Amino acid sequence: MNAHQTSDPSEAYIALGANLGDREATLLSAIQLLHEQDHVKVLRCSDLYETEPVGYVDQPSFINMAIAVETSLSPDELLVLMLDIEHRLGRVRDIRWGPRTVDLDLLWYEGTEMNTEQLVLPHPRMAERAFVLVPLSDVVSTKSGPIYTFVQTALESLDERDGIQRWKTCTWPDASALSES
């Protein structure tokens with residue numbers, strides 16, 4: 001797939017996390033900023049989960065969630081947009097896996113596998129992370145196909161789900177209308 005917009009929209013899945021500032025407000029702002037883009041439509045929003053940090057553990061707990069989007073952007077263009085939104089919401093990258101105002105990870109882009117310096121799809125570590133899989137299962141639960149099968153299989157083989165608990169239901173303004181469609 002080239003780096004230009006595709007003619008037919010594809011479904012993609014994005015993980016969101018935050019552990020600095022008003023975590024929930026920042027995540028909802030990120031969703032809104034994505035949804036306001038001409039070539040991105042937020043379809044479904046997971047519940048919000050409070051999770052313990054992984055990797056660099058000397059930091060506050062995270063709020064993690066996932067969304068499903070429909071987009072005519074290529075995976076590379078979607079990634080550039082996501083990085084811009086992180087920057088606009090105050091993301092600073094100084095400690096790997098360290099504290100952050102917001103983190104957006106492109107997990108899966110329908111029908112696409114790629115491995116470049118900038119982007120690997122499907123996300124190479126999502127099957128190992130309960131803080132990704134549990135919210136992701138919320139937004140793929142009504143779907144069938146490869147992503148649904150992948151998530152269910154990964155959740156079944158996941159050794160550890162400690163450190164993740166449902167925090168609250170997504171309150172993004174259109175969340176209730178989206179989940180009904």
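## Trp 108 and its aromatic partner

With 14% relative accessibility, Trp 108 comes out as buried, since anything under 20% counts that way. This is a predicted model, so read every value here as computed from it. Trp 108 belongs to the 1 aromatic pair in the structure. Its partner is Phe 150: the ring centres lie 5.7 Å apart and the planes meet at 45 degrees, which makes the pair tilted.

Where do Trp 108 and Phe 150 lie? Trp 108 is in strand E5 and Phe 150 in helix H4 (residues 146-157), so the pair ties together parts that are 42 residues apart in sequence. Phe 150 itself is partly exposed, because its relative accessible area is 27%, and that value falls between the 20% and 50% cut-offs.

## The largest nonpolar core

In general, nonpolar side chains in soluble globular proteins tend to be buried together. Here the largest nonpolar core has 31 residues, and Ile 14, Leu 16 and Leu 78 are the ones touching the most other members. At least two residues of this core come from each of these elements: strand E1 (10-18), H1, E2, strand E4 (62-71), helix H2 (75-88) and strand E5 (103-109). Which element gives the largest share of this core? That would be H1, with 6 residues.

Ile 14 is worth a look on its own. Setting aside neighbours within four places in sequence, Ile 14 is in contact with a long list of residues, including Leu 34, Met 65, Ile 67, Val 69, Leu 78 and Met 82. Leu 104, Asp 105, Leu 106 and Leu 107 are also among the contacts of Ile 14. Another core, this one of 22 residues, lies apart from the largest one. Ala 15, Val 140, Ile 147 and Ala 154 are among the members of that other core.

## The disulfide

How many disulfides does a search of the whole structure find? Just 1 turns up, and it joins Cys 45 to Cys 170, with the sulfur atoms 2.1 Å apart. The link of Cys 45 and Cys 170 is right-handed, with 90 degrees about the S-S bond.

Cys 45 lies in strand E2 (residues 40-45), while Cys 170 is in the loop between strand E8 (164-168) and helix H5 (175-180), so the pair ties together parts that are 125 residues apart in sequence. Cys 170 is buried, because its relative accessible area is 10%.

## Salt bridges

Side chains of opposite charge can pair when their charged atoms come close. The structure holds 5 salt bridges. One of them joins Arg 44 to Glu 11, with the closest N and O atoms 2.7 Å apart. Arg 44 is in strand E2 and Glu 11 in strand E1, so this pair ties together parts that are 33 residues apart in sequence. Are these two side chains' residues buried or exposed? Arg 44 is buried at a relative accessible area of 17%, and Glu 11 is buried at 11%.

Another bridge links the side chains of Arg 23 and Glu 50, at 3.1 Å from N to O. This pair also links distant parts of the chain: Arg 23 sits in helix H1 and Glu 50 in strand E3 (residues 48-51), 27 residues apart. Arg 23 counts as buried, because its relative accessibility is 17%. Then there's the bridge between Arg 88 and Asp 84, whose side chains meet at 3.5 Å, N to O. Arg 88 and Asp 84 are 4 residues apart in helix H2, so about one helical turn separates them. Arg 88 is partly exposed, with a relative accessible area of 48%, and Asp 84 is partly exposed too, at 36% relative accessibility.

## Charges over Trp 167

Arg 23 turns up again at Trp 167: it lies over the face of that ring, 5.5 Å from the ring centre. Lys 168 has its charged end over the ring of Trp 167 as well, 5.5 Å from the centre.

## Thr 26 in helix H1

Thr 26 lies in helix H1 (residues 23-35). Thr 26 counts as buried, because its relative accessibility is 13%. Which residues is Thr 26 in contact with, leaving aside neighbours within four places in sequence? Leu 89, Thr 101 and Val 102.

Notes. Residues numbered from 1 in each chain as written. Predicted model: local features only at pLDDT ≥ 70, side-chain atom pairs only at ≥ 80, totals over all residues. Heavy atoms only, no water. Buried < 20%, exposed > 50% of the residue type's maximum accessible area, 1.4 Å probe, protein only. Contact = heavy atoms within 4.5 Å. Disulfide = S-S within 2.5 Å. Core = buried A, V, L, I, M, F, W, Y, C linked by side-chain atoms within 4.5 Å. Phe/Tyr/Trp six-rings, centres within 6.5 Å; stacked < 30°, edge-to-face > 60°. Lys NZ or Arg CZ within 6 Å of the ring centre and 35° of its normal. Salt bridge = Lys/Arg side-chain N within 4 Å of Asp/Glu carboxyl O.
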